[in-house]
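User: Please take a close look at one part of this model, the salt bridges. Which residues form them, and what surrounds them?

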Amino acid sequence: MNEFCDRCKEDFPVADVSPRGARISWSMGLLYPRHALPQRVNSRVPGSGFICGNCCFDLTDEEE
């Protein structure tokens, strides 16, 4: 089942992630729960569901 990214509104399959605190290897084309985001990035995205790997890469690139 696909869900939608809170930022770009595209639908992707949800990644199978480890519990909170575990290191995640981000991939484009998959959605990740918001708790997986670094806090500094999470606070810049509205919503409370999922974010895709592409949006996460975009947001972390903007920080540099």
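Analyst: Confidence comes before the details: the chain averages a pLDDT of 84, and 88% of the residues score at least 70, where pLDDT is the predictor's confidence in each residue, from 0 to 100. This is a predicted model, in which local features need pLDDT of at least 70 and side-chain atom pairs count only at pLDDT 80 or more, while totals for chains, interfaces and linings use all residues. Residues are numbered from 1 along each chain as its sequence is written, and side-chain values use heavy atoms, with hydrogens and water left out. Among the elements, strand 2 (residues 11-13) has the highest mean pLDDT, 95, and helix 1 (residues 39-42) the lowest, 82.

The chain has 2 helices and 4 strands, in the order β-β-β-α-β-α along the sequence. Helices (H or I, at least four residues) and strands (E, at least two) are DSSP runs, numbered from the N terminus. Of the 64 residues, 34% count as buried; buried means under 20% relative accessible area, exposed over 50%, and partly exposed in between, with a 1.4 Å probe and protein chains only.

Now the part in question. The count comes to 2 salt bridges, each being a side-chain nitrogen of Lys or Arg within 4 Å of a carboxyl oxygen of Asp or Glu. Side chains of opposite charge can pair when their charged atoms come close.

One salt bridge joins Asp6 and Arg34, with 3.0 Å between the closest N and O atoms. Asp6 lies in the loop between strand 1 (2-4) and strand 2, and Arg34 in the loop between strand 3 (31-33) and helix 1, so this pair ties together parts that are 28 residues apart in sequence. Asp6 counts as buried because its relative accessibility is 14%. Arg34 is buried too, with a relative accessible area of 6%.

The other salt bridge is between the side chains of Asp58 and Arg7, at 3.7 Å from N to O. Asp58 belongs to helix 2 (residues 53-63) and Arg7 to the loop between strand 1 and strand 2, so the parts tied together are 51 residues apart in sequence. Asp58 is partly exposed because its relative accessibility is 32%, and Arg7 is partly exposed at 33%.

Arg34 also leads to the nonpolar part of the chain. Leaving aside neighbours within four places in sequence, Ile51 is in contact with Arg34, and its other partners include Cys5, Trp26, Tyr32, Leu37 and Leu59; contact means heavy atoms within 4.5 Å. Ile51 is among the residues with the most contacts inside the largest nonpolar core, as are Cys5, Trp26, Tyr32, Leu37 and Cys52, and this core has 16 residues. A nonpolar core is a set of buried Ala, Val, Leu, Ile, Met, Phe, Trp, Tyr and Cys residues joined through side-chain atoms within 4.5 Å. Strand 3, strand 4 (50-52) and helix 2 are the elements that give two or more residues to this core. Helix 2 gives the most, with 3 residues.

Helix 2, which holds Asp58, also holds Thr60. Thr60 is buried because its relative accessibility is 19%, and a polar atom of the Thr60 side chain lies 3.1 Å from the backbone oxygen of Phe57. Leu59 is 6.6 Å from Val41, C-alpha to C-alpha, although the two are 18 residues apart in sequence. Val41 is in helix 1 and is buried, at 0% relative accessibility.

Notes: A polar contact is a pair of N or O atoms within 3.5 Å; within protein, one must be able to donate a hydrogen and the other to accept it, and residues adjacent in sequence count only if both atoms are side-chain atoms.
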